[in-house]
Every structure is written in structure tokens, then in C-alpha cells.
Amino acid sequence: MTVPSADRFTGRRVIVTGGGSGIGAACCRLFAAEGATVTVLDRDRDAAATVADEVGGRPAAVDVRDGEAVTNAVREAAGAMGGLTDLVNNAGVGMAKPLLDYTDKEFALLVGVNLTGTFNGIRAAAPIMVEGGGGSIVNNASLTGLRPTRGEGPYSAAKAGVLNLTGTAALELSPTVRVNAVAPGMVRTPLTEIIATNEAWRTAAEAGTPLGRMGTADEVAEVIAFLASDAAAYITGQTIVVDGGSVLPSLQSDALLTAISQSLR
């Protein structure tokens, strides 16, 4: 196994949206630790400032739903850092309730942050990367974008859109800019803390994961960093699932196969 170099990202200039907590903060720490200059974008100004202080980067308070604000923030960050080589579109929000119970406002929020926010980031960053000679964009999607999840209809739909948007961007921006995505499963972040701290819910989540536990933000950040790194120079338009194996055959399928195998004995 190759151990990443401490200067793997030296000279790289990175923007992370939703960088004030969770997977975004883990990305900021990892990129900075390996030599990158980092701008932390988050709608929570204080959270962005805290992480930026920690990694020696710069903060910016932005709501990713606001396309003009994102464009301005990305341009300002690129100017301050002396360019832009990498964007991590990580900002996201979640919610769970029966599909028919969602309000217009809730649906707009979930699609606006998760899908429109990703588009706004790509649209703002890609021209700067192209002008600078190249770059990499990694979008944070979700396992629910690959398969429907009960109670998360708007979120799942938005994340499925992120996956399709990733492929389209990879086609249109090649060969100058690579665009990939990660699809995390049940990862412990502030958004999932309610599950992690409820023993019954956490046990159920872990039971549906072959590796038997929730993932960590650092584990997802490592995959994002790989996709941004030169080690992934021939990878674009792809999605790496980071889910402990939970996308594998469902428990229902396992039970059916077990029943069939027993009947054949």
C-alpha cells in the first residue's frame, strides 16, 4: 500500500463547500496537511472561520443556493490564493419524512442546496480551472442517489441529479478538468449524529452494513483526496461508493438466498 506523501497537494489551491463541519471539514484538514492552500466555504460564517483558522486557510460565508454569491466567492478565493486547482462540492442538507409530507419549502431547500448548489460550484469554478490549465472537481453525492431510500425522496432525487451532473460535467469539461463523485453511505457527521447517538437506530444502521459500523468523515475525505490527486489522473466521470458495503445485496435478498440454499440441501 502506498502511503500518501505529506506534500501530495503542495501548490494546489482548493475550495471546499460546506467546509465548516463533517466531511467538508475533514477534507479541509487533509488537503491542508498535505500542502494545499484551502478556502473554507460555508453558510455558517463562524464554522468556516474556525476550520480556516485550524488549517491556515481563508473562510468565506456563502449559501450555495445563491449562484451569483457562489461565483463571486469562488472568484475572490481564486484571486486570493493565486489560482484554483480543485473544488470539493460538499455542501449538503438532509431530511427524512414520508414523501407526501414534504412542503414546497422543504423540497426546494433539499434540491437547492444538494443539486443546485453543486451546479453553482461547477459553473463558478470550471472556467477558472480551464483558464489556469486544468483542475479537478469532486462532488459529494450519496448512496441514496444510487437507490431510492424510504423517507428521503427529495434528498435522493437531488443526489441522483448530482451523479448525472457529474457525468455531464466530466464529458463537457474533458480533457482539461476532471469531474468525479463520492457516494457515502451511513457516515457519522453532524447530519447523522441523531442516528449515531440513538442505540437502536445505530444498531439498525450497522446491521445493514457488511463492515458492521458507521463510516467516518475522515474515511470519505481520503477517497475525495484520492480522486483529486495525481493518482487518479486517468479517472473522470466516475462515482466511488464509500458505504461499508451496504449497497451490496439487501437483507431481503440475503434472506431469500439463504432460504433457497437451505431448501437445496
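Okay, Ser142: leaving out residues up to four places away in sequence, Ser142 touches Tyr155, Lys159, Val182, Ala183 and Pro184, where contact means heavy atoms within 4.5 Å. Quick note on the ground rules: this is a predicted model, so local features need pLDDT of at least 70 and side-chain atom pairs count only at pLDDT 80 or more, while totals for chains, interfaces and linings use all residues. Residues are numbered from 1 along each chain as its sequence is written, and side-chain values use heavy atoms, with hydrogens and water left out.

Back to Ser142. You'll find Ser142 in the loop between strand S5 (135–140) and helix H5 (153–173); helices (H or I, at least four residues) and strands (E, at least two) are DSSP runs, numbered from the N terminus. Is Ser142 buried or exposed? Ser142 counts as buried, because its relative accessibility is 5%, and the cut-offs are under 20% relative accessible area for buried, over 50% for exposed, partly exposed in between, with a 1.4 Å probe and protein chains only. The side chain of Ser142 also has a polar contact of 3.0 Å with that of Thr144. By polar contact I mean a pair of N or O atoms within 3.5 Å; within protein, one must be able to donate a hydrogen and the other to accept it, and residues adjacent in sequence count only if both atoms are side-chain atoms.

Staying with H5 for a second: Pro175 sits in the loop between H5 and strand S6 (177–184). The peptide bond from Ser174 to Pro175 is cis, with omega near 5 degrees.

Now, salt bridges. Side chains of opposite charge can pair when their charged atoms come close. The rule here is a side-chain nitrogen of Lys or Arg within 4 Å of a carboxyl oxygen of Asp or Glu, and that gives 10 salt bridges. One of them pairs Arg8 with Glu34, with the closest N and O atoms 2.5 Å apart. That pair links distant parts of the chain, 26 residues apart: Arg8 is in the segment before strand S1 (13–17), and Glu34 is in the loop between helix H1 (22–33) and strand S2 (37–42). Arg8 is partly exposed at 21% relative accessibility, whereas Glu34 is buried at 9%.

Then there's Arg58 with Glu76, at 3.5 Å, N to O. Arg58 lies in strand S3 (residues 58–61) and Glu76 in helix H3 (residues 67–81), so this salt bridge ties together parts that are 18 residues apart in sequence. Here Arg58 is partly exposed at 21% and Glu76 is exposed at 53%.

Arg65 and Asp63 make another one, with 2.8 Å between the closest N and O atoms. Arg65 comes out partly exposed at 37%, and Asp63 is partly exposed too, at 28%. On top of that, Arg12, Asp86 and Asp230 are joined into one network by salt bridges that share partners.

Last topic, the cysteines. How many disulfides do we get? The count is 0, where a disulfide is a pair of cysteine sulfur atoms within 2.5 Å. Take Cys27: the closest cysteine sulfur, in Cys28, is 7.0 Å from its own, so that's too far for a bond. Both residues are tucked under the buried cut-off, with a relative accessible area of 1% for Cys27 and 0% for Cys28.
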